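Open the model in your viewer and keep the sequence panel beside it. The stops below are given as selections, each followed by what to look for.

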Amino acid sequence: MQAFKNIIWFLIALFSLTSCIDSYKPVIKSNDKGKYVVMGNVDKNDTVQTVNVSMTSSISDPNYIAVTGCSVEIQNDKGINFPLSDNGDGTYTGKIDPQYMTPGSAFRVNIKTPDGTDIESDYDTISSCPPVDSVYYNQESQYTNNANDENKGIQLYSDLKGQNSDSRYYKWTLTETWEYHAKWPIRWYYYLGTVYHVVPDDYSKMVCWHTLLIPKIYLLSTKNLSDNDYKRFPLNFVGSDTRRLEYGYSLLIKLEALSHSAYVFWERMRLNNNSNGGLYEKQPLTVIGNLHNVTHPNIQVLGFFSAVSSHTKRIFIHPIPGLQLTFKDFCTVRALRKGIIELRGLDYIVYLAGNDETYFPTVYTRECVDCTLLGGVTDKPSYWPN
Amino acid sequence: MKSFKIFTLLFLLSLTSYAQNNNKAYSWHFNHLTFSEFSHAVTQKTGIKVFYEESWVKNVRVTIQNDSLTALDAVKLALQETTITTSYWNGDIVLMPKVMLITSLPVYNKKIEVAKQTKETKITASENRYLKGRRPDVIKSIQVGYKGGPIERGKAKVLGRVLDEETGEPINYATVYIEETKSGAVTDNNGFFILMLSPGKYNAVFNILGFQEKKYQLNVLSNGTFTVHLAKKMINIKEVVVHGDRQMNINKKDPGIEKIPVKSIKELPMMMGERDILKVSATLPGIIDSEGSSGLNVRGGGSDQNAFYIDNIPIYNTAHLFGFFPAFNSDIIKDFSIYKGYIPAQYGGRLSSVFNITTRQGNMKHFTAHGGVSPVAGNLVLEGPIKKNSLSYIFSGRSTYSDWILKKIPDATIRNSRANFYDFSGGLNFDSQKTQVSLFMYRSKDHFKLSDLNDYNYGNKGASLIISHNFSNSLRGSFSFIGSQYGFATVDKQEVSSAYSHAYNLEHYEFKAEFKQVINNNNTLNYGLDAILYKLDRGIVEPYGVASLRKEVNLGKEKGVVTSLFVSDNYEVSPRLTLMAGVRVALFAPLGPQNVYLYQPNGPMELQYVSDSILFNNNQPVKKYIEPDVRLAVNFKLDENSSIKLAFNQMHQNLFMLNNTISVAPNTQWKLADYHIKPSRSNQVSAGIFHFFNKSNIEASVDVYYKEEFNYPQFKDGASFLNSPHIETAVLQGKAKAYGIEVLIKRTNKKLDGWLSYTYSRSLIQVNGGDVWNSINYGLVYPSNYDVPHVANLVLNYHLSRRISFSSIVTYQSGRPVTYPISVYYVDGYPYLEYSKRNAYRIPDYFRTDLSMSIEGNLRRKKFLHNSLLISVYNITGRKNAYSVFFKTDNGRIESYKYSVIGVPILTVTWVFKLGNYASE
């Protein structure tokens with residue numbers, strides 16, 4: 001199916017002088033709204049098992065609508081129930097003794113919502129998972145839509161070495177963390193008519209760590225391969241146009257072994273969410289989960305409840321030899337032509353440049369001295385090397 | 001002055017009466033005499049002298065075995081293969097080359113302007129016309145047969161032929177209308193037609209679009225043959241007639257012959273200046289075409305349900321460059337017919353329609369060349385006689401040079417890409433009056449390379465040898481030997497670990513024998529046999545490169561034979577009522593070698609449920625399908641200008657496309673029905689009414705149809721055709737139905753002419769096997785991808801002068817069905833989309849206006865080269881028609897977009913040239 005994507009690309013490009021992509025808002029019928037969504041899994045690798053219950057929201061106003069007050073129970077194929085407790089945000093958590101979570105054992109979930117709807121999943125069976133094999137990167141470029149513009153960066157790959165007894169269906173979940181720095185410590189600032197000098201320099205908001213779950217779905221089936229092996233499975237690409245690679249980059253790779261039905265579910269989720277909308281666009285797939293509305297069998301319940309086994313691996317990358325970083329740091333410096341008088345009347349903190357003795361009539365944007373504004377936290381993660 | 005003398009002579013001759021008794025019959029037994037020996041014998045036997053010039057008859061050899069012929073009839077018989085005419089003059093026989101001796105006094109209403117005669121030594125065709133053409137109402141008379149010649153049950157079998165006066169090419173689909181009997185006939189591909197007439201005199205009207213109508217008086221004496229030459233009207237060259245829904249061929253007022261006078265398709269505005277007859281056909285009701293897709297949808301059918309033939313060669317991929325250009329040169333098309341309601345019994349194998357293209361024969365009289373240059377491609381046609389009037393050739397070639405466009409595009413991936421195509425064809429035509437032989441060869445090829453990521457090659461090639469022969473005046477047969485091949489080769493190296501190469505090949509070998517026999521005045525039979533051998537090599541998906549871990553998959557080979565017998569009768573019940581009834585019975589057998597998997601009963605056909613397998617040996621039938629089709633049509637003429645038609649049509653299809661994208665991709669595989677996948681079939685009923693408004697020269701027709709299709713193949717969601725040779729694991733078969741109403745209003749042969757078509761139609765599919773695994777869309781009915789309820793097209797041509805004309809095409813289509821995302825839900829904090837039921841929504845409506853101006857070079861008679869220019873603007877309003885609407889989840893935000901392939905006006909100038917003057921062929 002990759003071929004189709006290429007053709008789309010090709011056509012978009014071939015007709016790039018004539019074709020165009022515009023924003024367009026379709027009108028959605030009212031009866032296509034408001035369905036339950038259940039996502040959850042059982043994983044031996046996790047200490048707590050989580051199930052999430054929510055409602056679908058409209059395309060025009062997308063938001064997470066948690067469903068609280070449900071009673072949620074996980075059940076294994078031996079008939080043992082594991083009740084979960086309501087966290088109040090749509091998530092329900094509980095513990096299952098690892099002895100029950102061996103390959104071959106199956107689990108399902110039972111939910112009773114506050115409006116009296118009974119939701120039940122099919123049983124999903126745990127299969128065994130090989131450890132994460134080597135993860136490495138290669139310096140590559142990605143094409144962009146801009147003329148003559150290439151985005152250089154690193155493409156991460158992972159190999160897979162499975163046993164015959166292992167699952168043939170895999171899903172990678174990637175969580176990235178990077179360290180980044182504000183440009184300067186806080187030294188001088190202006191607030192409500194007064195200029196303050198911070199002594200000593202405040203470095204507390206200069207170093208941040210940002211952690212993100214990469215939303216892309218990475219799936220592999222070795223069903224059609226001769227061995228349960230794969231070389232150079234492409235993971236994420238980290239471009240030089242972000243600040244991820246400046247001071248240190250870490251990737252947490254979680255490899256899950258899925259059942260066939262879970263793989264089909266995720267594969268369809270992946271395909272449906274990678275739509276390019278070109279000339280050879282495919283029919284969107286009907287994503288069939290394994291949850292059923294027992295009370296109203298005609299009403300669909302979205303989502304999947306799976307039983308998996310998994311392994312994780314963390315890697316660190318720094319530095320990248322020869323790679324020029326071209327990111328935007330949102331730090332700009334502006335000289336005050338009339339001096340500090342220009343700031344009169346402002347009721348928020350304005351950071352100023354200066355040396356140990358005096359401040360300069362030069363204003364920093366807040367991003368120059370406060371790294372938390374770009375989404376990171378100043379607490380160093382425990383796994384971060386010194 | 002010589003011709004003046006002849007003229008006076010003719011005048012005097014016509015005054016002479018011949019009272020002598022020349023009707024005495026003699027017995028004649030000659031074998032292979034020269035004409036002078038023969039004429040000597042005539043004089044000896046009868047005392048009648050024969051006057052002629054030696055050079056006219058030097059090649060004539062006379063063989064007559066007859067016991068009762070007059071001298072005149074004997075001479076006529078001796079000269080029947082020539083154009084020499086025979087008349088009595090003062091008791092003797094006079095031969096004249098081409099000119100009929102006039103034996104009755106013509107009526108003149110004008111003085112004869114003798115001074116205008118030129119000094120040429122022979123009477124030229126135009127002078128002949130001049131001489132003959134001055135009589136209002138009294139028309140040229142053609143004698144068919146000879147007095148006392150054979151007739152059958154009181155009727156004479158008349159075999160006529162219509163040829164182009166200028167090129168000698170046969171004219172097909174010309175109508176012959178006999179005023180007295182209100183009946184008629186239509187010429188076939190070789191220009192022949194057959195009539196059964198009682199001896200007597202008839203007024204016959206010969207008519208075909210683009211030629212001057214001609215009236216002749218037929219003096220039918222006995223079984224006989226004659227040839228009529230029609231002259232082109234002074235309009236543009238290479239006029240291609242698109243026949244909308246050809247249903248019945250009776251006379252010019254018949255609604256079935258939906259001739260759309262594409263006053264040379266050359267004048268219509270075209271994308272990038274490349275003429276595309278398929279796109280023009282899509283302006284007719286019931287035929288839908290969409291921008292950027294290589295398929296047409298006819299009456300709610302899929303794009304694989306149309307059969308495309310070029311001179312009987314089936315074409316499996318009709319598009320160049322993803323469907324933006326047609327895979328054949330429009331310059332070589334002589335006739336283009338579409339059957340979508342009643343499909344004659346000689347056609348079968350596709351559910352929706354037959355697109356039949358007949359190519360032109362080479363010029364029989366002289367060499368000529370023509371061609372054109374557009375911004376993306378150039379084409380050239382060469383043609384001429386090898387032996388004048390009997391053997392000619394035509395060669396056409398076309399190639400693109402579109403790479404320069406790609407090189408202009410700043411993106412590196414595109415700059416390193418290539419897009420090339422070419423096609424060429426060649427034909428040889430041999431024509432003796434009794435036998436026509438045509439050999440036609442065709443080849444088209446496309447190549448795209450997307451940087452070093454992947455590579456596509458595909459192409460068609462084919463050849464056909466068609467031998468037509470007149471066994472007698474009432475029986476014509478044609479025998480076709482056809483070979484066709486379609487194939488593609490792809491290399492995909494996008495991902496190192498799963499890079500692959502794949503090549504696919506389809507071969508089609510066919511023999512077809514077809515006979516047309518006039519049984520009596522009211523019945524014409526068509527019957528024959530059609531045998532096809534399909535050989536499909538679905539290819540091997542091989543790992544590409546050392547790093548590829550892809551498992552090699554052999555998709556397998558397939559073989560199948562279809563043998564069909566067909567017979568149909570065209571029964572003229574009364575001058576007003578015509579009935580066509582036909583039966584076609586096909587036996588389809590997929591053949592071994594084949595390894596067929598059997599699956600556990602009542603479960604999904606998936607590889608994990610295989611219970612057993614059967615191995616079929618080479619050529620052993622895997623299964624036998626008997627496919628009877630009944631075809632019926634009734635045509636009732638209400639009055640001179642209106643008629644009603646009714647039709648019932650059954651079809652079967654054994655070959656279908658593996659395609660789960662909305663458009664037809666260049667690596668589309670075809671697949672035969674097999675052990676598990678049943679052939680699909682359809683039943684269609686249709687009715688139409690036609691009226692011709694004499695005053696305004698406007699024709700209007702309304703058609704309604706209802707069609708049901710069974711075993712309609714649909715592909716499971718996300719089906720891949722590269723992973724397994726067992727396609728049954730990816731296919732479900734369901735039902736489809738389509739219905740609609742089609743309106744066409746058109747005006748022809750006026751300064752402002754054109755047509756307006758409107759169609760309301762639906763096309764719905766249901767795949768419900770009762771379980772989740774054998775249903776699509778939860779088993780509910782859903783609109784097909786090409787369910788387009790409202791379609792309207794307006795085509796206008798304004799002929800300002802002979803040299804300048806303007807054309808426009810306005811197209812409106814309801815938006816195509818689409819499956820939309822309808823809601824958003826969150827998984828791990830990231831949004832995901834939920835999609836609607838299949839095809840529950842529609843993209844925005846499509847609307848486009850194209851304009852063109854065509855400028856012809858000067859009208860000087862004597863010149864070497866004639867030029868013309870076509871300036872066309874595609875999508876003049878620049879409307880951004882949605883090709884698709886799509887959604888993207890970008891950094892947690894869902895954005896919806898529409899993609900327009902052509903969102904700006906495109907101006908192109910095409911230069912077209914030909915040898916000779918404005919009117920030359």
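Leaving aside its neighbours within four places in sequence, which residues is A:Val53 in contact with? Select A:Val53 in this predicted model and display its surroundings: the contacts are A:Tyr36, A:Val38, A:Val67, A:Cys70, A:Gly90, A:Tyr92 and A:Ile111.

**Stop 1: the cores**

Keep A:Val53 selected and add A:Tyr36, A:Val38, A:Tyr170 and A:Leu258; these five have the most contacts inside the largest nonpolar core, a set of 93 residues. Helix α2 of chain A, residues 260-272, supplies the largest share of this core, with six residues. A second core, separate from that one, has 74 residues, among them B:Phe355, B:Leu506, B:Leu722 and B:Ile776.

**Stop 2: helix α2 of chain A**

Select A:260-272. The helix α2(A) has 13 residues, and the distance from its first C-alpha to its last is 18 Å, close to the 18 Å expected at 1.5 Å a residue. Colour its buried residues: A:Ala262, A:Tyr263, A:Val264, A:Phe265, A:Trp266, A:Glu267, A:Met269 and A:Asn272. Then show what covers them, which includes β11 (124-125), β14 (169-181), β18 (218-221) and β22 (302-317) of chain A. Chain B takes part too, with β52 (830-835) included in the cover.

Now select the whole of chain A. It contains two helices and 25 strands. Of its 386 residues, 34% count as buried. Among contacts in chain A with a separation of 6 or more, 71% are between residues 24 or more positions apart.

**Stop 3: two helices of chain B**

Move to chain B and select B:35-46, helix α2, together with B:71-78, helix α3. Their axes come within 11 Å and cross at roughly 170 degrees. An angle over 145 degrees counts as roughly antiparallel, and α2(B) and α3(B) are therefore roughly antiparallel to each other. Show side chains where they meet: B:Phe35, B:Phe38, B:Val42 and B:Thr46 on α2(B), and B:Ala71, B:Ala74, B:Val75 and B:Ala78 on α3(B).

How many of the eight residues of α3(B) are buried? Seven are, so the helix is mostly covered. The buried ones are B:Ala71, B:Leu72, B:Asp73, B:Ala74, B:Val75, B:Lys76 and B:Ala78. Besides α2, the cover over them includes the chain B strands β1 (26-34), β2 (50-51), β3 (61-69), β4 (84-89) and β5 (92-97).

**Stop 4: two open sheets of chain B**

Select β10, β7 and β13 of chain B, which form an open sheet of three strands in the order β10-β7-β13, with mixed pairing. The edges are β10 (192-197) and β13 (224-230); each has a single partner strand, so one side of each is left without a neighbour in the sheet. From one strand to the next, the twist averages 25 degrees. Follow β7 (residues 156-164) along β13(B): they pair in the parallel sense over seven bridges. Label B:Asp164, which stands opposite B:Leu230.

Next, select the open sheet of five strands in chain B, ordered β6-β12-β11-β8-β9 and also of mixed pairing. Here β6 (141-144) and β9 (183-186) stand at the edges with a single partner strand each, so one side of each lacks a neighbour in the sheet. Direction ignored, neighbouring strands of this sheet are turned by 30 degrees against each other on average. Strand β8 (residues 175-178) runs antiparallel to β9(B), joined by four bridges. B:Thr175 stands opposite B:Val186 in this pair.

**Stop 5: strands further along chain B**

Select B:804-813, strand β49, and B:846-856, strand β54; they pair in the antiparallel sense over ten bridges. Label B:Gln813 and, opposite it, B:Tyr846 in β54(B). Add B:865-874, strand β55, which is antiparallel to β54(B) and joined to it by six bridges. In this second pair B:Ser852 has B:Ser872 as its bridge partner.

**Stop 6: B:Lys735**

Finish at B:Lys735, in strand β45 (residues 731-747) of chain B. Why does B:Lys735 count as partly exposed? It has 16 C-beta neighbours inside 10 Å, and a residue must have 20 or more to be buried, or 12 or fewer to be exposed. Not counting residues up to four places away in sequence, B:Lys735 touches B:Glu709, B:Phe710, B:Tyr712 and B:Gln766. As a last distance, pick the C-alpha atoms of B:Lys735 and B:Trp56: they are 679 residues apart along the chain and separated by 68 Å.

Methods. Residues are numbered from 1 along each chain as its sequence is written. Chains are lettered from A and ligands numbered from 1 in the order in which they are written. This is a predicted model: local features need pLDDT of at least 70, side-chain atom pairs count only at pLDDT 80 or more; totals for chains, interfaces and linings use all residues. Two strands pair if DSSP finds at least two bridges between them. A nonpolar core is a set of buried Ala, Val, Leu, Ile, Met, Phe, Trp, Tyr and Cys residues joined through C-beta atoms within 7 Å. Two residues are in contact if their C-beta atoms, placed from the backbone, lie within 7 Å. Axes are lines fitted to C-alpha atoms, for helices over the stretch in contact, and angles run from 0 to 180 degrees between N-to-C directions. The expected span of a helix is 1.5 Å times one less than its number of residues. Angles under 35 degrees count as roughly parallel, over 145 as roughly antiparallel, 65 to 115 as roughly perpendicular and the rest as oblique.
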